[in-house]
Amino acid sequence: MTAVVATLDLDGVTDKAGLMAACARDLLLPDYFGHNWDALADVLSDPGLWPEDTAGDRVVVVRNWQPYAEARPDEWALAREVFSQASALTVTLALGGSS
């Protein structure tokens, strides 16, 4: 089994619209993605969006999230809740500088 690792880069994201756009872009979400919290929760829990042979081994690394979290703490709390409830993959936050 090969792990699937995607990077969600929030550099320059300042609001919910930017977060949703970054998710759509970086995670290659389908065109029907609705750019709202419920739609994000749905796609992150849809195993059909990810290769079948990667079940249990799908990871999203969120980078450059700190400025968004500080600027929009209520939105960031919702984002973290959605990420934590994603059943089709694991979301992890990158700490520290760029690599």
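With a relative accessibility of 0%, alanine 79 counts as buried in this predicted model. Alanine 79 belongs to helix H4. Apart from neighbours within four places in sequence, alanine 79 makes contact with Leu19 and Trp37. Of these partners, Leu19 is among the buried residues of H1, and Trp37 is among those of H2. Between the C-alpha atoms of alanine 79 and alanine 41, which lie 38 residues apart along the chain, the separation is 9.2 Å.

The setting of this residue is a protein of four helices and three strands. In sequence order these elements follow the pattern β-α-α-β-α-α-β. The protein has 99 residues, of which 34% are buried. When contacts between residues at least 6 apart in sequence are considered, 64% of them join residues at least 24 apart.

Helix H4 comprises 13 residues, spanning positions 73-85. At 1.5 Å a residue, H4 should span 18 Å, and this agrees with the 18 Å between its end C-alpha atoms. The buried residues of H4 are Glu75, Trp76, Ala79, Val82 and Phe83. Viewed down the helix axis, these buried positions are confined within an arc of 120°, and they therefore line one face of H4. On the face turned away from this buried side are the exposed residues Asp74, Ser84 and Gln85. The packing partners of the buried residues of H4 include strands and helices: S1 (4-9), S2 (58-63) and S3 (90-93) among the strands, and H1 (16-26), H2 (37-44) and H3 (66-71) among the helices.

The packing of H4 against H2 was examined further. In general, a pair of packed helices is described by the angle between the axes and the distance between them. For H2 and H4, the angle is about 25° and the axes are 9 Å apart. This angle makes H2 roughly parallel to H4, the cut-off for that description being under 35 degrees. The two helices form a right-handed crossing. On the H2 side, the contact is made by Trp37, Leu40, Ala41 and Leu44, and on the H4 side by Glu75, Leu78, Ala79, Val82 and Phe83. Alanine 79, buried at 0% relative accessibility, thus belongs to the H4 side of this contact.

Helix H2 likewise has a buried side. Trp37, Ala39, Leu40, Val43 and Leu44 are its buried residues. Around the axis they cover an arc of only 160°, which places them on the same side of H2. Asp38 and Asp42 are exposed on the face of H2 turned away from that buried side. Among the residues that H2 brings to the contact with H4 are Trp37, Leu40 and Leu44, each of which is buried. Besides packing against H4, the buried residues of H2 pack against H1 and H3.

In helix H1, burial extends to Leu19, Met20, Ala22, Cys23 and Ala24. These buried residues of H1 pack against strand S1 and against helices H2, H3 and H4. Leu19 is one of them, and its contact with alanine 79 joins H1 to the buried side of H4.

Backbone geometry was considered next. Most residues other than glycine have a negative phi. Several residues of this model take positive values instead. Just after H1, leucine 28 has a positive phi of about 55°. Histidine 35, a residue other than glycine, also has a positive phi, near 55°. Histidine 35 is located in the loop between H1 and H2, and its relative accessibility of 40% classes it as partly exposed. A positive phi near 55° is found again at asparagine 64, likewise a residue other than glycine. Asparagine 64 occupies the loop between S2 and H3. With 29% relative accessibility, asparagine 64 counts as partly exposed.

Towards the start of the chain, alanine 3 lies in the segment before S1. In contrast to alanine 79, which is buried at 0%, alanine 3 has a relative accessibility of 40% and counts as partly exposed. The C-alpha atom of alanine 3 is separated by 5.9 Å from that of arginine 58, although the two residues are 55 residues apart along the chain.

Notes
Residues numbered from 1 in each chain as written. Predicted model: local features only at pLDDT ≥ 70, side-chain atom pairs only at ≥ 80, totals over all residues. Heavy atoms only, no water. Expected span 1.5 Å × (residues − 1). Buried < 20%, exposed > 50% of the residue type's maximum accessible area, 1.4 Å probe, protein only. Arc of directions from axis to C-beta. Contact = heavy atoms within 4.5 Å. Axes fitted to C-alpha atoms, helices over the stretch in contact; angles between N-to-C directions. Parallel < 35°, antiparallel > 145°, perpendicular 65-115°, else oblique. Left-handed = near helix turned anticlockwise from the far one by under 90°.
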